[in-house]
Amino acid sequence: MPSADIEITAEQVQGLVRRHLRSPLIDDAPPRRAATGWDCETWRVGDTVALRLPRRAAAARGLAHEQVVMPRLSRNLATAGVGAPDVVFAGRPDETFPYPWSLVTWHEGTAGLEVPRAERRAWAAPLARAVAAIHRTSPGDLPPNPVRGGALVTRAKSISARLADLRTEARIRPKDVDLLAQLWDAGLAAQGWRGAPTLIHGDLHPGNLITRGHQLVSVIDFIDVAPGDPAYDLAVAWLCFDARGRRTFIAGMGEAFTAEDWIRARAWAAAFTVILLGHSDDTPAYAALARETLAELRPE
């Protein structure tokens, strides 16, 4: 996990709340850190709300984009029967915190990463509806993300270097490195996205799904939301599901995508696997996700 550019403390969060927020949704209990991601931290400040704050300067622009697009996204996801963190208040930098931050709605549940893959099948059809809802949301004038959702060729040099590192470090079997390289090359050779850039989530994996039992409650973490190739999001078919769930998810997406789109999606799943294999030493759950996804990418 990248190092934080700023150490966020309970006192700092409480100060932002006291200076900028007046809401009956906020309780008097001290703020509680609920989650730390690569880019942001989430702090509970009430039963139904939380503060979302960038921990790295690189995430500040993405959080500002999230604030702009979430009202439209939330409405479309609600129509699909899936929640999302609504932005209740868009905070701005001040003398105590240098980045934009948000008060968002809290969706109680379990991160999908903690649920065994076979038990995720019940989410496949709802997640397909949610992805379709994201993709039909207008991107407005949001700029493209420089690393997510572009043509595969824009990441060819980086993924090639990471594949070479996997061979050198012998983290997985040579034939599995060969498989990942073949899937990536197939994606490079596939026809690119033919339509206009589509709004994509940009980081769709089970860690960004909130569930309760067999119910998909919410999709979270839209900091990478941007217009791009929707195949980038479709990679969740391999990242999240086993073969049975994947078939349900793909069927749920209907006829919006061609075989070439799914080849690119599988290539992105292979790329995510390569990245996670090389960068998950301090996050065992994501190391496990990489190895599970590798197994799903093997020929059935």
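**Helix α4**

I looked first at the side of α4 away from its buried residues, where Lys157 and Thr168 are exposed; for this I took exposed as over 50% relative accessible area, buried as under 20% and partly exposed as in between, with a 1.4 Å probe and protein chains only. This is a predicted model, in which local features need pLDDT of at least 70 and side-chain atom pairs count only at pLDDT 80 or more, while totals for chains, interfaces and linings use all residues. Residues are numbered from 1 along each chain as its sequence is written, and side-chain values use heavy atoms, with hydrogens and water left out.

I then listed the buried residues of α4, which are Ile159, Leu163 and Leu166. They lie on the same side of α4, because they cover an arc of only 55 degrees around the axis, the arc being that of the directions from the helix axis to the C-beta atoms. Their cover includes α5 (174-189) and α9 (259-279), with contact meaning heavy atoms within 4.5 Å.

I checked the length as well: the 14 residues of α4 (residues 156-169) should span 20 Å at 1.5 Å a residue, and the end C-alpha atoms are 20 Å apart, which agrees. The expected span is 1.5 Å times one less than the number of residues. Ala170, which follows α4, has a positive phi, near 55 degrees.

**The sheet**

I noted an open sheet of 5 strands in the order β1-β2-β3-β5-β4, with antiparallel pairing; its edge strands, β1 (32-36) and β4 (87-91), each pair on one side only. Helices (H or I, at least four residues) and strands (E, at least two) are DSSP runs numbered from the N terminus, and two strands pair if DSSP finds at least two bridges between them. From one strand to the next the twist averages 25 degrees.

I followed one pairing further, that of β3 (residues 49-54) with β5 (residues 101-105), which is antiparallel over 4 bridges; there Val49 stands opposite Thr105 in β5.

I also recorded two helices that lie across β2, β3, β4 and β5: α1 (residues 10-20) runs at about 115 degrees to β3, and α2 (residues 60-79) runs at about 140 degrees to β4. Axes are lines fitted to C-alpha atoms, for helices over the stretch in contact, and angles run from 0 to 180 degrees between N-to-C directions.

**Cysteines**

I looked for disulfides, taken as pairs of cysteine sulfur atoms within 2.5 Å, and the count comes to 0. Cys40 is buried at a relative accessible area of 7%, and Cys240 counts as buried at 0%.
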